[in-house]
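Hi,

Here is the structure I promised to pass on to you. Have a look at it first, and then read on for my notes.

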Amino acid sequence: MSQLLKIEDLDAFYGDFQALFEISFEMAEAETVALVGANGAGKSTFLKCLTGLLPTRGQRILYRGNNIAGVPAFKIARQGIAMSPEGRRLFPSLSVKENLMLGANVGRKGQWDLAAVQALFPILEEKRDIPATLLSGGQQQMVAIGRALMSNPALLLLDEVSLGLAPVIVRDIYAALPKIRTGGTAVLLVEQDIGMAMQVSDRMYCFQEGHVSLQGVSADMTRDMISTAYFGREKEVQ
């Protein structure tokens, strides 16, 4: 597989506070990579850097060979990076259908349109005219993912998909992942459920206090290795 994303020594700041330290990260086309770590480890900050929501001018974030560090968020979206954010961030005044259609405003062509998203998550067709924020938490998460897919991304970022949801709902959402990957979309997911992250990903990274503390092939990792990476010693799986 060809390289989709390559990051070298990425630092990130909120004012004078440094949140990420020399992060190096790679990802191939159509790959699924999980990013895990304790609260405050820098996972969501990393996604904000990728989407242009946090200033990164002067850094190196190579997306398909082009440096997108410092590029405005709307231009990054047009190049094929989309995010389903933590907390879903749906528009309460808009229906399910209207929230989904916002993703299409990016203008990228591809397999994902309203019919395709509704086929992926059939409940969204049934609920299409209901205000999105009146749905259950799991259904709202489906809307957030569907909205991101409507932009036809090459790289889909999923931030805390399972947070606050019942296990059966999480399984239903993750059951859609193979269908998303079939179209060639790469997925980078931030996930608190370590077992689920190991199960659905090709490779994993663990962040600890803004540093990469573990990386490697998911099938080669153990719970003990990941637990150690959460709290201390740096380790790498080849």
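Below is what turned up, going from open pockets to the closed cavity, then to aromatic rings and a few single residues.

One thing to keep in mind throughout is that this is a predicted model.

**Pockets**

Let me start with the space you might want to look at. The largest pocket holds about 550 Å³. Its lining is made of 19 residues, and A77, A82, M83, V106 and R147 are the closest to its centre. Three elements, α2 (73–78), β6 (81–84) and α6, each supply at least two residues of that lining. The largest share comes from α2, with 4 residues. By class, the lining of the largest pocket divides into 13 nonpolar, 4 polar and 2 charged residues.

The second largest pocket has about 220 Å³ of space. Here 18 residues form the lining, and those closest to the centre are N39, G40, A41, G42 and K43. Two or more lining residues come from each of β2 (17–28) and α1. Strand β2 gives the most to this second lining, namely 4 residues. Its make-up is 6 nonpolar, 8 polar and 4 charged residues.

**The cavity and helix α7**

How many cavities of 30 Å³ or more does a search of the whole structure find? There is 1, and about 60 Å³ of space lies in it. The residues lining this largest cavity are F121, I145, L158, V161, I173, Y174, A176, L177 and I180. Helices α7 and α8 are the elements that give two or more residues to the cavity lining. By class, the cavity lining has 9 nonpolar residues, with no polar and no charged ones.

Two of the residues in that list, I173 and Y174, bring us to helix α7, which spans residues 167–174. In α7, V170, I173 and Y174 are buried. These three cover an arc of only 95 degrees around the axis, so they sit on the same side of α7. The partners that the buried residues of α7 pack against are α6 (137–149), α8 (177–182), β8 (186–190) and α9 (194–200). If you colour the model by element, α6 is worth picking out, as it is one of the elements that supply at least two residues to the lining of the largest pocket and is also among the partners of α7.

**Aromatic rings**

The count of aromatic pairs comes to 3. One of them is formed by F46 and F207, an edge-to-face pair with 5.5 Å from centre to centre and 80 degrees between the planes. Because F46 lies in helix α1 (residues 43–51) and F207 in strand β9 (residues 203–208), this pair ties together parts that are 161 residues apart in sequence. F46 and F207 are both buried. Taken further, ring pairs link F25, F46, Y205 and F207 into a cluster.

**Single residues**

Strand β9 also holds R203. Is R203 buried or exposed? With a relative accessible area of 18%, R203 falls under the 20% cut-off and is buried. Leaving aside residues up to four places away in sequence, R203 touches E26, M27, E31, T32, V33, A34, G216, V217 and S218.

Finally, two backbone angles that you may want to check. As background, most residues other than glycine have a negative phi. E22 is not a glycine, yet E22 has a positive phi of about 50 degrees. E160, likewise not a glycine, has a positive phi of about 55 degrees. Where are these two found? E22 is in strand β2, whereas E160 is in the loop between β7 (155–159) and α7. As for their surroundings, E22 counts as exposed at 58% relative accessibility, while E160 counts as buried at 7%.

That is everything from my side, so the model is now in your hands. Enjoy exploring!

Best wishes

Methods. Residues numbered from 1 in each chain as written. Predicted model: local features only at pLDDT ≥ 70, side-chain atom pairs only at ≥ 80, totals over all residues. Heavy atoms only, no water. Phe/Tyr/Trp six-rings, centres within 6.5 Å; stacked < 30°, edge-to-face > 60°. Buried < 20%, exposed > 50% of the residue type's maximum accessible area, 1.4 Å probe, protein only. Arc of directions from axis to C-beta. Contact = heavy atoms within 4.5 Å. 1 Å grid on protein atoms, 1.4 Å probe; cavity = no way out; pocket = protein on both sides within 12 Å on 5 of 7 lines; lining within 4 Å. Points joined across faces, edges and corners; volume = space filled by probe spheres on them. Nonpolar A, V, L, I, M, F, W, Y, C, P; charged D, E, K, R; others polar.
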